[in-house]
Structures are given as structure tokens and as C-alpha cells.
Amino acid sequence: MARTIAADALGVEFKNAQPEAASSPENIRAPSASRTITLAVEDMHCGGCMRKVETALLGVPGVAAARANLSARRATVIFDRGAGVGAVAPLVDALDKAGFKAAELAPETVDNEKNNPARPLLARLAVAGFAAANIMLLSVSVWSGKGGGAGDPTHALFHWLSAVIALPVVAYAGQPFFSSAWGVLKRGRVNMDVPISLAIWLSAIMSLYQTFRGTDQVYFDACVTLLFFLLIGRYLDQRVRVKARGAAENLIGLQSRWAHVIAQDGTVERLPSRLVEPGMRIAVAAGERFPADGVIASGTTTVDESLITGETTPRTAAVDAVVYAGSVNLGGPVEMEARAAESDTLLAQIGRLMATAEQARGRYVRLADRAARFYAPMVHSLALASFIGWMIAGAGWEHSLTIAIAVLIITCPCALALAVPAVQVAASARLFDKGILLKAPDGLERLAETDVAVFDKTGTLTAGIPSLANGDTIDDATLKAASALAAASRHPYAQAVAQAAKARFGAVSAAGGVEEKPGFGLRWATDGGEERLGSAAWCGLDDAQASSASLWYTRPGAAPVAFRFEDKLREDAAVTVDALTRAGYRVELLSGDRIEAVASAASAAHIADWRAGLKPDEKIARLDKLKAEGHRVLMVGDGLNDAPALAAAHASASPSSAADISQTASDAVFQGAKLSPVVELLATAKKARRMSFQNFAIAFGYNIVFVPLAIAGFVNPLVAAIAMSTSSILVTLNAVRLRTAKLEIKA
Amino acid sequence: MTSLAWLIPIALFLGALGLGGFIWALKSGQYEDLDGAAWRALEDDPPEKPQAGV
């Protein structure tokens, strides 16, 4: 019985959690918002996972119901009425134990999901489809009727039936077009929805008038079929956007971090880092990321700021030193005081730079809109010209208007409306399969236009993790001894030493009793004396040796051993760059890192054109210069310092390890340890662009054949409807090819 | 003519029934998770909530 009750509660509660337009939101929001939590769950791939997730969530005390959504990779949890609010941590822990990474989604994000714009569109689509099928049935009967003619009562009955079905359907299902058309008309402009709305209403009203009069031509079928096909296009378009946005929100949600906030009374509370306010004291353990901008309040540590500045060498930070959100605390545990709300924080500066950069990009006009801008006035004048022409020829206003409507309907862009969305759906599905997430709906079009690829170094071209560079010169005994110390630390250099030892010996065990002094190094008291691993100063070496290596290892009675480190390139970085160069791309490297580090990475990745030590605004300046030279730039970057450049570039991509803000600014996010998704992304974008043009060609080609026929008055509603359907289906089939096509990148 | 008087309303009614069913399914959220629904059909029982206090 417990099962039934749970299922019932679920049904009822879910209904409540989704406010309908008609019901008053205050009544529903308040209670349901306090008891419903939506989580993004990573790695949920099949029915089994879904079940594990639900079982794990139901096991948490206070949970009344849990339901996983496999398509959206989300889970909704409803708490018992009496249970408290905000108990997210036990849910995340429970899922963690079951093997899933999860994070709470911001409530405003989830509300967006509820008001999913694709859903009402699907209802309108169904209504239009129903009407189209039924009216077509009646119309085909009329048209195949053996010359029943206008006087036949069956003929008239069928027309009346068509009218009764069509008029309410047009009024309901056509609303997205009418409101859009009205919106632009009020601002004195024209878009594609204007001729659409005009054709639909003119044909509906004209047909109604002719039904009254009992003539034998009515356009209800063409009018409703047109609406049906247009709605398919609109729905496909909307679906790509909704899906991409949802996936992006999950990604960002999963990477949102926790902050351990210390209250006045000394208790520690775990809060999502987005809720941190200035003045809060936050405990940051070793190895954690700083959740906010602020200053160190107590303790000394080293900070890895590679994500923010691109500088790979960790920085020592003592009390009052400024730390930025996203950097990693490498040393000991510290307390920080958040200062994030001040307008001169790094985040705020980057935000301002991004806002300016994005404004410039906001003016980009989508391919379909550009086609529409030139197409809409043409359609209007063509229809008007036909009307005037037939009036002059003495056909009478009724016949002339019928022909003008036929022209409007024939030229009405169902195929044109489908051309781009169908390709977009196919392209984003293809990319999604390959681990690339397309975020911006117009991203593909902008990606296809690029001719310069600009890479960031740390974390983009490289893996962002240091590795031991001079391992070959270090003997086994030394490496083994040093790794026993190194394994005790989370410093990336120490980890790199441990990794190198692991690669050589198979396993590494940490020595007991190793002491770490944050910002300096490690020491270990042995019987023979003290062993040390750390900076030159820590190991008691002079200045001459200090800069020649990153880490030193000393033990009594032996010469100090130097460990050098490098940030290794992603394994296919050079191959990817070569592929881009062959395809005619100009490739550049812009980095905030030191000259030597950038120079060696550039030569290893076969990039001739590089610049080092750049600040965020200098990167933008470089992008602006390229733009001024007439180039369209693709920016690939991951750091916080790249975010403004990502926003400023014509198109952008970032790896899934990138900072939240960079992923937000990017058009596409790619997963995995390789760089080759960039090539796949560009190849797909270019192919998609070619396919959109092919589709436009199909749509226009059909117009070229049928428009003269319509102007000449030979097109009856049946021909119009069949021609329209055929061109729409052709366009869709063409787009479907993209999912499986073999692609090669060509500039 | 008389057969039409029956058949057309019946055809429209059946069509409307289908449409109504679709919109009901849409409103009750059955199109929210198409991938998940495909898997749920294979499951024996939905997971049960452990009894409180156990």
C-alpha cells in the first residue's frame, strides 16, 4: 500500500507544483516552493540509474516523494508537510553514496522549466494538426466530387463544416504568429510573421465570405495546413533552445560550490556559494575552491589561481591577502571574509567587461531572420501586385483577392520556417552525442562564420594540471623517497611527483608523520635526519638555485635534487591545431601566463602566433583588432579571465572544466580530455550552414515554380496544400542527413 | 446523405477524442521525460518508501 500512497502523493503534489495559468500563483507557490527541491543529477543514463536515484532519495528522512527525469537529468523531491526547508545536503550525500553527483538547481531556473515555452506550442500544434487532417478530408471529398459545383448542398455543407473547424483553430493555434507580428508592427517594422498572419487571416475571412456566397473555392484547408507546418518549425526551434538551456543550467548547477559559513556563535553551516554575502566568514579546507572573492582572515596558504589568471605557479597568501572565487586553496585550512558585493571585485569587473562585450554580439541577426527581412516585403508586394494586376484586367475584386491570397499562401514560408530549425535540431543532436553542448541558439551560425581560432593556454590547450618534466634525470631511490613525502600533500606539484612515482613503481605510499607548512613545503623527521620537499628557501638553498626549479628535495648526506614541472598539452592539441590550420584557419594563442610557459606550449602545439602575459581587457583588445581586420574570431578558453573575451568573440567554446562564468559566456561547452571536439564543432557548424542554405534553395526553388502559377490563377487550394507539404518534407529530410553524415572541416 | 450525417460527426468526435487525450497527456506532464518513460515501462515496481521509524 505504501507504494500507492507514494504515487498518489506524487501525482497530487506535482500538479500543485506546476501552477496553471488560471489558478492564482500565490496560493500554490508558497507551500510548494518550500517543500519541493529540484536537483541536477549527473551520470543518470538508464532505467536502472533512475531507479537507484529515486530509491536513494526516498531513503532520506522527511522525503515524501521523489521522481527522476531521465531526459532532463534532474530529480524532483517533495518533502513531508512537517519537514523543514532547505535540507539539500542530505539529499546530495545520499546520491553521492549511490554514485551520482548532484546539485540543487536555483529555484528561478526550475520555474523556467515549468513555464517551458515549447509546451503550449505542442498543444497548438496538436490542435492545428487535428483541424488540418479533418478539413483536408472534407476538402479532398469536395475536390474529387464529380463536379458537384457550387449549388450542391453537400458541397456547401462541407464548406460550412470546414469553416466551423477552421475559425476557432486559427484563432487559437495562430496566436504565436499573431502576437509576434503585432509586436513588430507596433514598432513599425516587418518580420516573417506579418505575411504569415496576413495570409492566414485573409484566407480565413475570405473563405468564410465565399462560404456565405456559395462559391466553389475556399481556402480553409490551405490556411490550416500552413499553420500546422509553421508550428512544426516553431516547435523544433523552441525545443533546441529549451533543451540547450536546461542542459546548461544543469552543468552550471552541478559545478556550483558549497561554502562553509561560520556563524557568530561559531557553528558552521553549508550554503551554496551563490548565497554567500559580503562580511560572511567562510572556512576553506585544503584542496577546496574559494567560494567567493574576499580576503584571508586567518591562516597562511598557497593559492592556485590558474583558472583566474592563467598563471600556473601557485601564490602564497597570508592574512589580508586577496583571494578570488574559483581559485584553489592548496595549503592548510584558512578562514576568509567574503567581500564579493563590492563593485571593484574581480568578478564584478569581469561582469562589466562581459556585459559590454555581449551587447555588441546582441545585434547579430540570425540567418532565418535575415532571409525573412528580404523575403517579407517581396511577398507583400507580389501579392499586392497580383491583386492590382487582376483588378486592372477586370477580374473583379473577389477573384483578384482570391488570387492574391493564393500568392500569399504559396509564398508563405513553411519550408523557410522549417529550414533552419530542422537543421539546428539535427546538428545539436549530433553534437550532443559527441559530448558537445550547444548553448546559444544562434551559436552554430556564428561558429560557421569564423576564420580565426584563438586559444587560451592553461586549461584549454593544456590539461591545467602540472606534471613532472625532468623525471628521466631522477633516479629511482630519490623519486621513491620524495614521493613518500609528496603523497601527503594536495599541492599540484607534490601530486605530480606522486603521479610520476606511481607511473614508475605502480603504487605510492605516504610516509607517516609528514608535516606540511603551507606556502613552503613538507618535512619528515627520519632516523638519519630531516628530509624536506618544497621551495628552495624551505630546503635551505641559495638564491642562485631558487629560480632554476619549482621544487627541491633534500636529505642528509645527499645533494639537493631539483624537480621541474610543466603543464602538459592535451594529447591531441597539436593534431587539432594542424587540422584547423589545414582548413584555412589562422590560429593564435593568447595567454595570461608567463612568456616562457606560453612559448613552449605554443611551439609544442604548432602555434606560431602567440602572446603572453595578457590581462582580460588586453585579450579583448586583441580580439577587437582581429575584428577590425575583418576576421571573425572563435575564442576557446576556460578561465575566469577569459570570460569577457569569450563574450566578445564572434563565437566561443569552453571545456566543461572551465569556470562557471566562462561556460555561461560560451556558445558551446565540450566534455572530455581532448581538444578535437573543437574541430567537430566547427565542421558541424559549417555543414549545418551549408544545409540551411540548401534548404533555402529548396524553399525558393519551389516558390519559383509555383508563384507564377499562383499569379496566373491556376493554383487551387488542394495544389497549394500539396506543394507546401512536399517542400516542407523535403527540407526536413535534408536536415536529418546531418545526424549521420561524415564530416570534414573545410574553411 | 444520411450516412454522411452520421459519419462526419463520428469522424470528428473520434478525432476530437484523440486530440483531447493528447492534450490531457501533455498537461499531466507525460511528455516531460520521454527517455525515462521508455525505461519505466520495463520496471516491475516503483521504488517503495521505507516505513518511517524502521
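How many bridges join β2(A) to strand β3 of chain A, and do these strands run parallel or antiparallel? In this predicted model, β2(A) and β3(A), the latter spanning residues 74–79, are joined by 6 bridges and run antiparallel. The two strands form a hairpin, with 4 residues between them. Arg73(A) sits in the turn and has a positive phi of about 55°. Two of the pairings can be named. Val63(A) has Phe79(A) of β3(A) as its bridge partner. Ala68(A) is partnered by Ala75(A).

The hairpin belongs to an open sheet of 4 strands in chain A. The strand order is β2-β3-β1-β4, and the pairing is antiparallel. The edges are held by β2 (63–69) and β4 (102–104) of chain A. Each has a single partner strand, so one side of each is left without a neighbour in the sheet. Neighbouring strands of the sheet are turned by 25° against each other on average, direction ignored. Of the 7 residues of β2(A), 6 are buried, so this strand is largely enclosed by the rest of the structure.

Two helices lie across this sheet. Helix α3 of chain A, residues 47–58, lies across β1 (36–41), β2 and β3. It runs at about 160° to β2(A). Helix α4 of chain A, residues 88–98, lies across β1, β2, β3 and β4. Its angle to β1(A) is about 35°.

Within the edge strand β4 of chain A lies Ala103(A). Is Ala103(A) buried or exposed? Ala103(A) is buried, because its relative accessible area of 5% falls under the 20% cut-off. Ala103(A) touches Thr38(A), Leu39(A) and Ala40(A), and also Gly253(A) and Leu254(A), leaving aside residues up to four places away in sequence. Val41(A) is 62 residues from Ala103(A) along the chain, yet their C-alpha atoms are separated by 6.8 Å.

Strand pairing also involves β13 of chain A, which covers residues 334–338. In a regular strand the side chains alternate between the two faces of the sheet. Along β13(A), Val334(A), Met336(A) and Ala338(A) point to one face and are buried. Glu335(A) and Glu337(A) point to the other face and are not buried. Strand β7 of chain A, residues 281–284, is joined to β13(A) by 4 bridges and runs antiparallel to it. Here Ile282(A) stands opposite Met336(A). Strand β8 of chain A, residues 294–298, is likewise joined to β13(A) by 4 bridges, again antiparallel. Ser298(A) stands opposite Glu335(A).

Attention now turns to the helices. Helix α7 of chain A, residues 153–173, has 21 residues. It reaches 30 Å from its first C-alpha to its last, close to the 30 Å expected at 1.5 Å a residue. Its buried residues include His155(A), Phe158(A), His159(A), Ile165(A) and Val169(A).

Two packed helices are described by the angle between their axes and the distance between the axes. The axes of helix α9 (residues 193–213) and helix α14 (residues 397–411) of chain A come within 9 Å and cross at roughly 145°. The crossing of α9(A) with α14(A) is left-handed. On α9(A), the contact residues include Leu198(A), Leu202(A), Met206(A) and Arg213(A). On α14(A), they include Trp397(A), Glu398(A), Leu401(A) and Ile405(A). By class, this contact has 11 nonpolar, 3 polar and 2 charged residues.

Definitions and conventions:
Residues are numbered from 1 along each chain as its sequence is written. Chains are lettered from A and ligands numbered from 1 in the order in which they are written. This is a predicted model: local features need pLDDT of at least 70, side-chain atom pairs count only at pLDDT 80 or more; totals for chains, interfaces and linings use all residues. Side-chain values use heavy atoms; hydrogens and water are left out. Two strands pair if DSSP finds at least two bridges between them. Axes are lines fitted to C-alpha atoms, for helices over the stretch in contact, and angles run from 0 to 180 degrees between N-to-C directions. Contact means heavy atoms within 4.5 Å. The expected span of a helix is 1.5 Å times one less than its number of residues. Buried means under 20% relative accessible area, exposed over 50%, partly exposed in between (1.4 Å probe, protein chains only). A crossing is left-handed if the near helix is turned anticlockwise from the far one by less than a right angle, and right-handed if clockwise. Ala, Val, Leu, Ile, Met, Phe, Trp, Tyr, Cys and Pro count as nonpolar, Asp, Glu, Lys and Arg as charged, and the others, Gly among them, as polar.
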